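Welcome, and please load the model in your viewer. We will go from stop to stop, with something to select at each one.

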Amino acid sequence: MKLAVIGTGYVGLVSGVCFSELGNDVICVDKISSKISMLNGGEVPIYEPGLKQLIAHNKEEGRLSFTTDLTEAVRNSDIVVIAVGTPSMSNGQANLSYIMEAAKEIGQALNGFKIIVTKSTVPVGTNEKIRDIIAEHSMYPFEIASVPEFLREGTAIEDTLHPDRIIIGAATEIVKETLIELHSPLTNNIMITDIRSAEMIKYASNAFLATKISFINEIANICEKVGADVTQVARGMGYDKRIGHSFLKAGIGYGGSCFPKDTQALVQIAGQMDYDFKLLKSVIEVNHDQRFNIIRKLEAILKELSGRTIAVWGLAFKPETDDIRDAPALEIISSLLSKGARVKAYDPIASKNFSNVLQHECLEYCNNVREAAENADALCILTEWNEFREISPDLIQSWLKLPNLIDGRNLYSEEELKGTQLIYYSVGRPNMNNGIKEQSPILSI
Ligand SMILES: NC(=O)c1ccc[n+]([C@@H]2O[C@H](COP(=O)([O-])OP(=O)(O)OC[C@H]3O[C@@H](n4cnc5c(N)ncnc54)[C@H](O)[C@@H]3O)[C@@H](O)[C@H]2O)c1
Ligand SMILES: O=c1ccn([C@@H]2O[C@H](COP(=O)(O)OP(=O)(O)O[C@H]3O[C@H](CO)[C@@H](O)[C@H](O)[C@H]3O)[C@@H](O)[C@H]2O)c(=O)[nH]1
């Protein structure tokens, strides 16, 4: 099949290259000419493991190309995939301006029957608006479909080539049949549904996963008070098949380009229909507060942060990505700076993106873990990069001026801390001091 994919962010690029890998002819379009020049020159504007090689392979095979010319791409395709951004507006609602603009341009470009598939995450009813806008600008017949995307950054190719499920929201047989044929090499688990339900499945899935994270973070906060270990609690809970192990890692809260924006958008979608989504509002509030536990823990140890030097390892919202959209590190570092601390930050690949949005005279971007940690009054770990796991707590202690380690991702085990003189605060686990576990007071029962 011939596909035009509009937008070369994570979703457009990864799904475009994966469709190409399946043997389809794919033209990826972006209005940002620098992105297209990079892609044509063999560079990839985002960091995603394996993506560069897969793009190169499919370009060589002659099945994948990049252009800024949306009209030409649409005219040479049977299926047009919309994968443009739907960022948050200041009130939390999804900004649909890129979607509407793309729909208009697609409508103007149509030159015969095509299926227009929306992969962007959009509020319920948006695909119907897309249909109206295209119809307004085109005299050719077309059909629409909602095929939401569930890939995760960092494992995007694996997720796309081996998805848990494909959701196809469509109204007519021709669309259902064509899209089943397109996706069937990926999985047998293809669910056909109506367009509005497909749109809602995406938001409900992200909201549910975000809820799991906020739930376990609250359990972690209680574990700290009662002297239990949240990693053990999550493990024990996860053995129940109805609960499962995934998305029960306590930490500093979720970030990234999706959960924060999609949870906010779903609250707004509900609100517009006069429904107060109380549970999701709490999930968002808990998530926002969780990142400040890092500050509270630092203050518990150091009291005053003004004049202190704090090392930070990890700026990306999660490992294996250079994406810093809504990364907890942004607010944590901003808070440290506002309290008068000096921050030495290191991330294996996200420092450049981070420094584009956060510059401060007291914020220094370091070239490696040691440079960041040396002579600091405390080290905070904010992203669980494997590179950090490999560094022993002993070595960290030898680099720091004061032996304070705040581990926001529970990287180290009790065993690894034994024998060190570190004061170690993690998430939802007993604090360690000089290699010894601190006992919480026993509950009066
Ligand atoms: N990032 C993810 O991991 C992920 C996963 C699943 C779903 N989603 C959803 O997919 C959508 C895209 O996300 P993303 O992170 O890939 O977006 P992004 O914002 O990183 O990239 C979107 C790209 O679309 C381009 N664009 C916008 N309007 C255009 C137009 N009219 N013509 C050509 N190009 C245009 C922009 O220049 C940009 O490069 C969002 O709705 C998002 O919520 C994202
Ligand atoms: O147990 C967990 C799991 C995740 N996180 C955090 O949650 C955020 C999101 O992680 P993840 O879901 O792995 O990354 P994303 O790439 O944002 O992917 C999510 O958002 C995408 C965009 O909608 C969806 O397509 C994916 O299915 C969905 O997992 C990150 O900050 C993680 O640190 C936790 O704190 N604890």
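Start by selecting I381 and the strand β13: I381 stands opposite D407 in β13. Strands here are DSSP runs of E with at least two residues, helices are runs of H or I with at least four, and both are numbered from the N terminus. Now widen the selection to strand β12 (residues 378-381) and strand β13 (residues 404-407), which pair in the parallel sense over 3 bridges; two strands pair if DSSP finds at least two bridges between them.

A word on what you are viewing: this is a predicted model, in which local features need pLDDT of at least 70 and side-chain atom pairs count only at pLDDT 80 or more, while totals for chains, interfaces and linings use all residues. Residues are numbered from 1 along each chain as its sequence is written, and chains are lettered from A and ligands numbered from 1 in the order in which they are written.

**The sheet around β12 and β13**

Show the whole sheet next. It is open, has 8 strands with mixed pairing, and follows the order β11-β10-β9-β12-β13-β14-β15-β16. At its edges you will find β11 (363-365) and β16 (436-437), each of which pairs on one side only.

Add helix α13 (residues 293-302), which lies across β9 (309-313), β12, β13 and β14 (423-425) and runs at about 160 degrees to β13. Then add helix α14 (residues 328-338): this helix packs on the sheet, touching β9, β10 (342-346) and β11, and its direction makes about 155 degrees with that of β10. Contact is counted when the C-beta atoms of two residues, placed from the backbone, lie within 7 Å. Axes are lines fitted to C-alpha atoms, for helices over the stretch in contact, and angles run from 0 to 180 degrees between N-to-C directions.

**The domains**

Colour the chain by domain: domain 1 (2-193), domain 2 (202-288) and domain 3 (291-437), with bounds that come from an automatic or database domain assignment. The centres of domain 1 and domain 2, taken over C-alpha atoms, are separated by 29 Å. Their contact takes 12 residues from domain 1 and 10 residues from domain 2.

**The other sheet**

Select β3 and β8 and everything between them in the order β3-β2-β1-β4-β5-β6-β7-β8, an open sheet of 8 strands with mixed pairing. β3 (64-67) and β8 (190-193) stand at the edges with a single partner strand each, so one side of each is left without a neighbour in the sheet. On average, neighbouring strands of this sheet are turned by 25 degrees against each other, direction ignored.

Zoom in on strand β6 (residues 142-146) and strand β7 (residues 166-170), which run antiparallel and are joined by 2 bridges. Here S146 stands opposite G169 in β7. Then bring in α1, which lies across β1 (2-6), β2 (25-29), β3 and β4 (79-82), at about 165 degrees to β2.

**Ligand 1**

Which residues come nearest to ligand 1? Of the 28 residues around this ligand, they are G7, G9, G85, S120 and T121; a residue counts as near if its C-beta atom, placed from the backbone, lies within 6 Å. Two elements give two or more residues to this shell, α1 (10-21) and α5 (97-109), and α5 gives the most, with 4 residues.

**Ligand 2 and helix α9**

Move on to ligand 2, where E153, K249, Y254, G256 and C258 come nearest of the 21 residues around the ligand. Where does ligand 2 lie? Domain 1 and domain 2 both give residues to the shell, so ligand 2 lies between them. α9 gives the most to this shell, with 3 residues.

Finish on α9 itself and the residue after it: α9 is followed by G227, whose phi is positive, near 80 degrees.
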